[in-house]
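Reader: I am new to reading structures. Please take me closely through a single part of this one, and show me how that part sits in the rest.

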Amino acid sequence: MARTKIDITIPDLTGRRALVTGGSDGMGVGMVSRLAAAGAEVVMPVRNRDKGEAAAALIRAEHPGANIVVEDLDLSSLASVEALGTTLNAGGAPIHLMINNAGVMSPPDHQTTQDGFELQLGTNHLGHFALVGHLLPLLRAGSARVTSQSSVAARNASINWDDLNWERSYDGGKAYQQSKLANGLFGLELSRRSQASGWGISSTVSHPGVAPTSLLAARPEMGRSSDTTAVKVIRWLSARGLLVGTVESAMLPALMATTAPKAKGGAFYGPQGIGGTGGKPGETDLWKPFRSAEDAARLWDLSEQLTGVTFG
């Protein structure tokens, strides 16, 4: 089946500075490429420096003059997050656009970050929470737009308040759902606190739908030696234009939330097709788990305690 090409227009971003986590492959590298092509200077913090430099070189080859700065960042290490914050704050350049895109998904066995948190909670949520906290001065200086990338997995998720790190009974899928719900609650609470405190930051939440990214592919470092059945099915459907999106279409909701002139803080963006799994991007209604301001505030306070990072 022929697939109708889906795209959005990215405005001129000359003079703007952007930061995209998870920018060395999948949707992230596409986001970096589109932002750089529109004239932005893009900071691309990566865990694997060689992989990041290779991705940046490919983008520069496609878009001569693309301004990409590769930095080191391991979101599963609060020390690494703080080190990047120190480096960027020392440079003093305001950040105007930020996409919290990096993530890990469903390791088969319980794993922890360097700080002892369940790997998905620590990487997907706490790492990004701490990074935004460390970069708050630069984000305020740039009147930034910050987009937190959630997932369709969060649609029916809940926070496991009694065992946040899944130490008593590990369920990789539910732990992933929790981490992506946390991304959404954080993005919405950041919007509320920015408005209340006058930070001048516009915070949104997006989700990519379903697409054949590397999240469910073989990841030996997470104990997954081969591609999952789920990613094989997703690839098959995507190649035929059925139900799900492509890597190229899946990155568009986050780009829309971050760059569209009419995008607004506190809003939620995702694919508009059946079930939100694919289709053109647009604003969508908040899923039920995202609507509790009480849960969002509780998670924020807990995240400050766990990371030691406060938004003063």
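**Strand β1 and its neighbours**

Author: Strand β1 and strand β2 (residues 41-46) run parallel, joined by 3 bridges. This is a predicted model. Let us stay with β1 and work outwards.

Start with one facing pair. L19 of β1 stands opposite V43 in β2. How does the chain get from β1 to β2? It crosses through helix α1 (residues 26-37). This β-α-β crossover is right-handed.

Now look at the faces of β1. In a regular strand, side chains alternate between the two faces of the sheet. In β1, R17 and L19 lie on one side. A18 and V20 lie on the other. Are these four residues buried or exposed? All of them are buried, and both faces of β1 are covered.

Next, turn to β4. Strand β1 (residues 17-20) also pairs with β4, in the parallel sense, over 3 bridges. Two partners help you trace this pairing. A18 has L97 of β4 as its bridge partner. V20 has I99 of β4.

Strand β4 covers residues 97-100. L97 and I99 point one way, while M98 and N100 point the other way. These residues are all buried too.

Which strand does β4 meet besides β1? Strand β5 (residues 145-149) runs parallel to β4, and 4 bridges join them. Here L97 appears again: its bridge partner in β5 is R145. So follow L97 with your eye: it partners A18 in β1 and R145 in β5.

Now step from the strands to the packing around them. L135 is a good place to look. L135 touches L19 of the strand we began with, and also M98. Its other contacts include G85, L88, N89 and I95, leaving aside residues up to four places away in sequence.

L135 belongs to the largest nonpolar core, which has 45 residues. Which of them touch the most other members? They are L135, L139 and F311. Several helices give two or more residues to this core: α3 (78-91), α4 (119-134), α5 (136-141), α6 (172-197) and α10 (293-307). There is also a second, separate core of 35 residues. V20 of β1 is in that one, and I8, A38 and A263 are among its other members. In soluble globular proteins, nonpolar side chains tend to be buried together.

One of those helices deserves a pause. Why can α4 be called largely enclosed by the rest of the structure? Because 15 of its 16 residues are buried. Helix α4 also has a kink of about 35°, centred on L126.

Finally, set all this in the whole chain. The protein chain has 10 helices and 8 strands. Of its 312 residues, 55% are buried. Take the contacts with a separation of 6 or more: residues 24 or more positions apart account for 73% of them. The chain exposes about 13000 Å², and carbon and sulfur atoms supply 50% of that.

To retrace the path, begin at β1 and its parallel neighbour β2. Cross to β4. Then go on to β5. End at L135, which touches L19.

Key
Residues are numbered from 1 along each chain as its sequence is written. This is a predicted model: local features need pLDDT of at least 70, side-chain atom pairs count only at pLDDT 80 or more; totals for chains, interfaces and linings use all residues. Side-chain values use heavy atoms; hydrogens and water are left out. Buried means under 20% relative accessible area, exposed over 50%, partly exposed in between (1.4 Å probe, protein chains only). Contact means heavy atoms within 4.5 Å. Accessible areas come from the Shrake-Rupley method with a 1.4 Å probe; for residues, only the protein chains shown count as cover. Two strands pair if DSSP finds at least two bridges between them. A nonpolar core is a set of buried Ala, Val, Leu, Ile, Met, Phe, Trp, Tyr and Cys residues joined through side-chain atoms within 4.5 Å. A crossover is right-handed if, with the strands pointing away from the viewer, the path from the first strand over the helix to the second runs clockwise. The bend at a residue is the angle between axes fitted to the seven residues ending there and the seven starting there.
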